[in-house]
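Reader: I have a structure to go through at the bench. Please take me through it in short answers.

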Protein chains: 2
Amino acid sequence: MTLVSVPTAADIVATHERIRPFIHRTPILTSAGLDAMAGCQLFFKCENFQKVGAFKARGAMNGVLSLREADRQKGVATHSSGNHAQAIARAAQMAGIPAYIVMPNNAPQIKKKGVLGYGGQIFECENTLAARETTLARVVAQTGAYEIHPFNNYDVIAGQATAAKEVYEDLGPIDIMMAPVGGGGLLSGTVLATRYFSPGTTVIAAEPDLANDAYRSLQSGRIEAPLPPTSVADGLLTSLGDKTFPIIREGVPEIITVSEAEIIQALRLIWERLKVVIEPSCSVPFAAVLKKPDVFRGQRVAMILTGGNVDLDRLAKLFS
Amino acid sequence: MTLVSVPTAADIVATHERIRPFIHRTPILTSAGLDAMAGCQLFFKCENFQKVGAFKARGAMNGVLSLREADRQKGVATHSSGNHAQAIARAAQMAGIPAYIVMPNNAPQIKKKGVLGYGGQIFECENTLAARETTLARVVAQTGAYEIHPFNNYDVIAGQATAAKEVYEDLGPIDIMMAPVGGGGLLSGTVLATRYFSPGTTVIAAEPDLANDAYRSLQSGRIEAPLPPTSVADGLLTSLGDKTFPIIREGVPEIITVSEAEIIQALRLIWERLKVVIEPSCSVPFAAVLKKPDVFRGQRVAMILTGGNVDLDRLAKLFS
């Protein structure tokens, strides 16, 4: 059954059991060099090693597995140009149901190939939010498929919560848990997992200066619109949803924003020192740690590395 | 006590206990996408996440910890321009003894900084084997330090053997274990761990065409000289030693050699699909799997990703 209100502790425990056979329990890496640089003890939860290369596999899997049998039969649909598209296609394939994915016609070929590789059907449209939503509505009307939103969906949020739950299971109490924030699916799930399973931990989020809508939303008390999509952290450009924002407002005392140069410097350090391939969005929390050492000094700090689906050619340019 | 003959099973068990507090137990990663591509089940032992970013931390730590008290007091010495230099400096620092490292004067600044960061003392020399050996002999004569060779040393071999031992502990029986081969320290340790802890497993090595001295040595039955150092897999340019060659000759039925293009293609696939930063030397076994699918089809194949200390600027060029 799909969730109609904020996931409880029992919901998240049940979610974890439900999706466990379909996801990796990802490792947590540490680096004495990065610790020395940051002045605190850092734990990196490697969701870049997750199925489809991103934490999105968790929420999508739970979204699909939580459907009522009647809803499930007609398949699932979503619009996404990124990791959620592949995650939904894969989850549907695991469940043996169709997946209809609306993608902008300028989406990278590799992302389309990923969706097709998991048996998803692609519907192309213009690259505007309006075109995506209209196309998705048409696909849903035609197919009867169930829409699974990338973040504004309690089943998806419960799925993303399992990443932080695993951190608490593996590490015991930690002082600070960090996640980046785009639409807020991962961050709201992280808030809930922390409230239920590690209530002594403080959740701190991080966001690019050039995509600081969540920061401004916490200031103003309402969901602020996104800025033009210019940040290199291209997974964090969305604004919050009406399901994610209230959870984040209650559970996140601070969002630290960082510059593009700080994001790229942190990205390079993680690649070089931690030896993992991550998307630019992932390095935003670490950039925040380096920017505000007083907040973190001497603390045990965990952070979720959200995904590793990068275009190496593009990254090569960033680093040169 | 330092070992004077081929390490026994008990030696390797004792080595593992001895070095365990000073090394990471590195994770083993899998990728459904790479499995589908290779036609077999692949397990990647991530020694790129090891301390100092390479498996060399194991052998160096054991080399230092195995010294007699009298030898230990005067410190340790080696010549290396690569991972062994940092590994020895770190191991000596852990043991509270001096480390004297001979490095070519054109060694990358970052490698020198690494050694200095672990408290090692650097002695620079011309970049020829003769100059390195002469300088090392002088340093040893002056300081009384104990030389720890990067591979032709039974304590080092026993240390490197612990990587494969961990694979067998974590995965149980596997069909094929792979390692790249340079001087043969890792490969000979892998042969021993396999003989003692997973005797049903076949060890297959891989080597660049442009550095195929181990391949030729197996053919001729004697240690063949290295080719000029032109391969991108710059950790594999050394020739075998008189301690590593006999073990390898007895325990490695096949060495598969691969081209530079095959190495770079495999490197890119591992970066993109496994999301890990590895040195070009690491991708040589995976390149061999892709090159000879009939050897591996349907098998459970483990391979050791040996290190992750790469210059991102240089890598960016390889991928462009």
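Author: This is a predicted model; local features need pLDDT of at least 70, side-chain atom pairs count only at pLDDT 80 or more, and totals for chains, interfaces and linings use all residues. Residues are numbered from 1 along each chain as its sequence is written, with chains lettered from A and ligands numbered from 1 in the order in which they are written.

Reader: Which strands are the edge strands of the open sheet of chain B?

Author: Strands here are DSSP runs of E, at least two residues, and helices are runs of H or I, at least four, numbered from the N terminus. Two strands pair if DSSP finds at least two bridges between them. The open sheet of 4 strands in chain B has parallel pairing and the order 5-4-3-6. Pairing on one side only marks the edge strands, strand 5 (121–125) and strand 6 (146–147) of chain B.

Reader: Which residue of strand 6 stands opposite B:Ala77?

Author: Strand 3 (residues 76–79) of chain B runs parallel to strand 6 of chain B, joined by 2 bridges. Opposite B:Ala77 stands B:Glu147.

Reader: Is B:Pro285 buried or exposed?

Author: B:Pro285 lies in helix 13 (residues 284–291) of chain B. A residue is buried if 20 or more other C-beta atoms lie within 10 Å of its own, exposed if 12 or fewer, and partly exposed in between, with C-beta atoms placed from the backbone. B:Pro285 has 29 within 10 Å, so this residue is buried.

Reader: How far apart in space are B:Pro285 and B:Ala87?

Author: In sequence, B:Pro285 and B:Ala87 are 198 residues apart. In space, C-alpha to C-alpha, their separation is 23 Å.
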